[in-house]
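Work through the exercises below with the sequence and the structure open beside you. Try each task before reading its solution.

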Amino acid sequence: MEPTKLIWINGEMTPWEDANFHFLTHGLHYGTGVFEGIRAYETPQGTEVFRLTDHMERLRKGSKAYWIPVKYSTQELVDAVKFVVRENGLVEGYIRPLAFFGGGSMGLNPQAADPMLVIACWPWGTYLGDEGVRNGIRVKVSSWRRIDQNSFMPNAKGTGGYLNSVLAKQEALRAGYDEALLLNNDGMVSEGSGENLFLVSNGDVFTPPVASGILAGITRDSVMTILRDGGYEVSERVITRSDVYFADELFLTGTAAEVTPVREVDDREIGIGKPGPITRFVQERYMAIVKGETPDHDEWREYV
Ligand SMILES: Cc1ncc(COP(=O)(O)O)c(C=O)c1O
């Protein structure tokens with residue numbers, strides 16, 4: 001990780017190396033936090049933060065659902081992120097806001113602990129590797145099930161819930177794959193450890209619904225719009241494991257992963273074993289939009 005200069009902590013800019021928290025931080029022990037992952041891109045019009053307002057709204061909704069107090073409005077959070085990017089001179093990279101319970105209480109009721117809001121940013125290249133973005137990655141269906149929505153809220157980026165993703169990711173990597181695909185408790189496809197899944201079958205595109213236990217990804221939403229703009233049919237549908245093996249094309253979407261083709265699942269080649277035409281179309285359009293190489297969807301680019 002390449003450090004930047006300053007981290008925003010409850011409204012104060014703190015040097016990167018001094019952004020330390022007490023051992024008895026509630027969120028460290030019990031995962032009582034919600035976070036966002038956001039990307040900033042260099043464009044001909046200057047640096048923009050992609051769909052920043054949508055990310056901040058999701059953070060606020062998640063913190064409300066988990067009763068994690070956030071005293072800042074969406075607009076204040078948007079302004080704070082832009083400030084952090086500007087003050088660090090970040091031209092392109094990743095932004096991590098995190099709302100969590102700090103010190104002051106160790107009981108399971110966190111309400112007496114200090115509410116914290118921290119925003120950091122740093123340069124970050126492709127998440128699943130340049131080679132994966134070009135030629136597709138190898139995915140393994142995880143032996144771990146996506147935590148059920150009766151046990152937590154997959155739709156909020158709650159820090160504690162990510163132990164599930166971390167287990168699945170490590171299992172896949174240790175077995176020699178690039179990423180995990182998690183099924184839900186009904187055995188239906190949910191999502192990758194940190195990405196949503198899209199499947200192409202006979203020219204139509206499908207993605208699991210929120211009810212399959214996924215995070216409603218902001219990239220997923222952008223990709224659905226890009227597909228419809230391009231005249232493709234895209235719909236939410238419950239997806240089985242064999243649907244995945246039978247797919248003509250598969251790809252993952254996420255702020256970190258952007259649009260990453262999948263060339264193999266469980267040692268079965270997907271389609272012709274390399275990124276197909278619809279995957280390529282989405283990938284090229286998505287990158288052109290985030291990098292401001294087209295005037296389309298300027299409303300998604302929030303310039304700093
Ligand atoms: C579990 C999970 N699913 C999906 C996504 C993709 O969401 P987004 O496109 O909003 O980054 C992420 C990334 O944040 C994630 O962690």
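Helices (at least four residues) and strands (at least two) are DSSP runs, numbered from the N terminus. The model used here is predicted.

**Exercise 1. A loop residue**

Task: Find the place of Asn109, and decide whether Asn109 is buried or exposed.

Solution. Step 1: Asn109 is in the loop between β6 and β7. Step 2: count its C-beta neighbours inside 10 Å, which gives 9. Step 3: a residue with 12 or fewer is exposed, so Asn109 counts as exposed. Step 4: look across to His26, which is 83 residues apart from Asn109 along the chain, while their C-alpha atoms are separated by 9.7 Å.

**Exercise 2. The strands on either side of that loop**

Task: State how many bridges join β6 to β7, and explain why β7 is called largely enclosed.

Solution. Step 1: β6 covers residues 93-101, and eight bridges join it to β7. The two strands run antiparallel. Step 2: for one pair, take Phe100, whose bridge partner in β7 is Met116. Step 3: β7 is also joined to β1 (residues 6-9), by two bridges, and this pair runs antiparallel. Here Ile9 stands opposite Val118 of β7. Step 4: β7 spans residues 115-122, and six of these eight residues are buried, so the strand is largely enclosed by the rest of the structure.

**Exercise 3. A hairpin**

Task: Which strand does a hairpin join to β4, and through how many residues?

Solution. Step 1: the hairpin joins β4 to β5 through two residues. Step 2: β4 (residues 38-43) and β5 (residues 46-50) run antiparallel and are joined by four bridges. Thr43 stands opposite Gly46 in β5. Step 3: β4 is also joined to β6, by three bridges, again in an antiparallel arrangement. In that pairing Arg39 stands opposite Tyr94 of β6.

**Exercise 4. The length of a helix**

Task: Check whether the distance between the ends of α8 agrees or disagrees with the expected span.

Solution. Step 1: α8 covers residues 277-290, which makes 14 residues. Step 2: the expected span is 1.5 Å times one less than the number of residues, and for α8 this comes to 20 Å. Step 3: the end C-alpha atoms of α8 are 20 Å apart, which agrees. Step 4: list the buried residues of α8, which are Ile278, Thr279, Val282, Gln283, Arg285, Ile289 and Val290. To read such a list, recall that an α-helix has 3.6 residues a turn, so residues three or four places apart point the same way. Step 5: go just past the end of α8, where Gly292 takes a positive phi of about 65 degrees.

**Exercise 5. Positive phi outside glycine**

Task: Locate Asp267 and His297, and give the phi of Asp267 and of His297.

Solution. Step 1: Asp267 is in the loop between β15 (258-265) and β16 (268-269). Its phi is near 65 degrees, a positive value in a residue other than glycine. Asp267 has 8 other C-beta atoms within 10 Å, so it is exposed. Step 2: His297 lies in the loop between α8 and β17 (301-303). His297, which is not a glycine, has a positive phi of about 55 degrees. With 19 other C-beta atoms within 10 Å, His297 is partly exposed, because a residue needs 20 or more to be buried.

**Exercise 6. The nonpolar cores**

Task: Which residues touch the most other members of the largest nonpolar core?

Solution. Step 1: this core has 38 residues, and Leu199, Leu250 and Val262 touch the most other members. Step 2: follow Val262, leaving out residues up to four places away in sequence; Val262 then touches Gly136, Ile137, Val139, Leu250, Phe251, Leu252 and Ile270. Step 3: apart from this core lies another, of 35 residues, among them Val70, Val85, Met116 and Trp300.

**Exercise 7. Around the ligand**

Task: Which residues come nearest to the ligand, and which element gives the largest share of the shell?

Solution. Step 1: the shell has 14 residues, and Gly217, Ile218, Thr219, Gly254 and Thr255 come nearest. Step 2: the elements giving two or more residues are α6 (218-229) and β14 (249-254). Step 3: the largest share, three residues, comes from α6. Step 4: sorted by type, the shell holds two nonpolar, nine polar and three charged residues.

Technical notes:
Residues are numbered from 1 along each chain as its sequence is written. This is a predicted model: local features need pLDDT of at least 70, side-chain atom pairs count only at pLDDT 80 or more; totals for chains, interfaces and linings use all residues. Two strands pair if DSSP finds at least two bridges between them. A residue is near a molecule or strand if its C-beta atom, placed from the backbone, lies within 6 Å of it. Ala, Val, Leu, Ile, Met, Phe, Trp, Tyr, Cys and Pro count as nonpolar, Asp, Glu, Lys and Arg as charged, and the others, Gly among them, as polar. A nonpolar core is a set of buried Ala, Val, Leu, Ile, Met, Phe, Trp, Tyr and Cys residues joined through C-beta atoms within 7 Å. Two residues are in contact if their C-beta atoms, placed from the backbone, lie within 7 Å.
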